[in-house]
Amino acid sequence: MSSVKKASSALISVFHKDGLEPIVKKFQELGITIYSTGGTEKFITDLGIDVVPVEDVTSYPSILGGRVKTLHPKVFGGILNRQDNESDVAQLAEFEIPQIDIVIVDLYPFEKTVASGASEQDIIEKIDIGGISLIRAAAKNFKDVTCVSSMEDYADFLEVVSADNGNISLEDRKRFAAKSFNVSSHYDTAIFNYFNKNHDIAALKVSETNGQVLRYGENPHQKGFFFGDFDAMFSKLHGKELSYNNLLDVDAAVNLMLEFKDDAPTFAILKHNNACGLAQRETLHQAYVDALAGDPVSAFGGVLISNKEIDKATAEEIHNLFCEVVIAPSYNAEALEILKGKKNRIILIQNEVEMPEMLVRTCLNGMLLQEKDHKTDTVAELTYATNTKPTAQELEDLIFASKLCKHTKSNTIVIAKNKQLCASGTGQTSRVDALNQAIHKAQTFNFDLKGSVMASDAFFPFPDCVEIADNAGITSVIQPGGSIKDQLSVDYCNEHKISMVMTGTRHFKH
């Protein structure tokens, strides 16, 4: 069997016609017989190019409203026959089956139809049957057939078929087969995930075809990749390419700010996936100034995010800080020009997109999968555990701190006052260590903790944390509760007139 095959025939049946014309004209020039169906057949005919209707080959019309057009032995026999197999070749002659050397087929836009919010009936009709079957058949038989399964490959294929007058190498045929199986497997994954959106079947199927090679991974000696549609989520206005670590911080920033999406002007500064500054104020400028005050040392090289348009005054403040990334829903013209003053500063507009519902991470020789923590603590759901009740201001601060605590690495303690992050203790093996870390940081940056509140991502097994908090001036506490020794902490708070509320919900973040 020769590794190079001269193409003499092609089957074309595509949903997307963009970019097809040059290929069809090249086939005419090379004398390649074209078989086609439906709308594609009309498209080719309208170009003034001869085409053989598939119905003329099968002697069977398109039926069931177009659901069955190419599903016929004379079509699949022409694709799947092994040209170095005497029996296969004999059967082609016996049943008058034409040899098909090239298959150009794409698939109905299933994912786009789902994303559009279409009805279930419309979605089901976009599950391709003939197309997926033709792709699998042609790709399987790559030794004899070239399969082109996406309009994104038209230019590549046109170059290949033109290079040697229709002679296509085995290497190219196998390369197009790999692309085709990538298309078919991704398509089937999307369909399965649609049907399994309630996760009744314990199966993990992930397929991302938009892969980006990063400069490196978490460290320069590690390879790094990003799979996802970054351009759908963000409009990048300025700056260098994002790194692996940038992307992790941007993810943390976006998920944190979702908690404050519709609130008053809120600004956050993140470093190593944790917020080192967060404040909510009447103006975005003041929110930024107070967020930066939370930890101006850690803010160096951080990721900044706002829930409102960034204006000139805020941009002028930001410009004084070395930061990697700035994210906002929009920027006014003057602010944008100021922020562009640092050539490497990455400036992003966050677009409205649907976020993944599940979190996936590798673990041992497999993977862990869980739902995202969509639970946000609210005042209405709080249980008042102590005789002393929080004031209205403390209640606002408690919910503010709780939202932040949820997005900070465990074990964590968050201290807040007047809707400003004073400090947090993050990623500690002991809750006492987390609290002491937070108090020390707050005191380092001259925060007066008298009247501040404390949030914990999990319960207190002993009263030591509330005692330390009391001594630091903290007057109100929010925690999930659930320890068999909850009462010890409650008793201490009652004795020292500290208010404590319980959420009933733990927010670990490992």
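**Exercise 1.** In this predicted model, find which residue forms a salt bridge with Glu 396, and place both partners in the chain.

*Solution.* Start with the contact. Glu 396 pairs with Lys 419, and the closest N and O atoms are 3.4 Å apart. Next, locate the partners. Glu 396 sits in helix H16 (residues 392-406), while Lys 419 belongs to the loop between strand E19 (413-416) and strand E20 (421-425). The two are 23 residues apart. Last, check exposure. Partly exposed covers the range between 20% and 50% relative accessible area. Glu 396 has 41%, so Glu 396 is partly exposed. Lys 419 has 22%, so Lys 419 is partly exposed too.

**Exercise 2.** Determine which parts of the chain the salt bridge between Asp 295 and Lys 441 ties together, and classify each partner as buried or partly exposed.

*Solution.* Begin with the distance: the closest N and O atoms are 2.7 Å apart. Asp 295 lies in the loop between helix H13 (284-293) and strand E13 (302-306), and Lys 441 lies in helix H17 (residues 431-444), so the bridge ties together parts 146 residues apart in sequence. Now the exposure. Buried means under 20% relative accessible area. Asp 295 has 3%, so Asp 295 is buried. Lys 441 has 22% and is partly exposed.

**Exercise 3.** Describe the lining of the second largest pocket.

*Solution.* Take the volume first: about 500 Å³. Then the lining: 28 residues, with Gly 66, Arg 67, Lys 69, Tyr 108 and Asp 128 nearest the centre. Sort the lining by class: eleven nonpolar, ten polar and seven charged. Finally, assign elements. Helices H2 (38-46), H7 (120-125) and H8 (130-140) each supply at least two lining residues.

Technical notes:
Residues are numbered from 1 along each chain as its sequence is written. This is a predicted model: local features need pLDDT of at least 70, side-chain atom pairs count only at pLDDT 80 or more; totals for chains, interfaces and linings use all residues. Side-chain values use heavy atoms; hydrogens and water are left out. On a 1 Å grid over the protein atoms alone, a cavity is a set of points where a 1.4 Å probe fits but cannot get out, and a pocket is an open set with protein on both sides within 12 Å along at least five of seven lines; lining residues have an atom within 4 Å of a point. Grid points are joined across faces, edges and corners, and a volume is the space filled by probe spheres set on the points. Helices (H or I, at least four residues) and strands (E, at least two) are DSSP runs, numbered from the N terminus. Ala, Val, Leu, Ile, Met, Phe, Trp, Tyr, Cys and Pro count as nonpolar, Asp, Glu, Lys and Arg as charged, and the others, Gly among them, as polar. A salt bridge is a side-chain nitrogen of Lys or Arg within 4 Å of a carboxyl oxygen of Asp or Glu. Buried means under 20% relative accessible area, exposed over 50%, partly exposed in between (1.4 Å probe, protein chains only).
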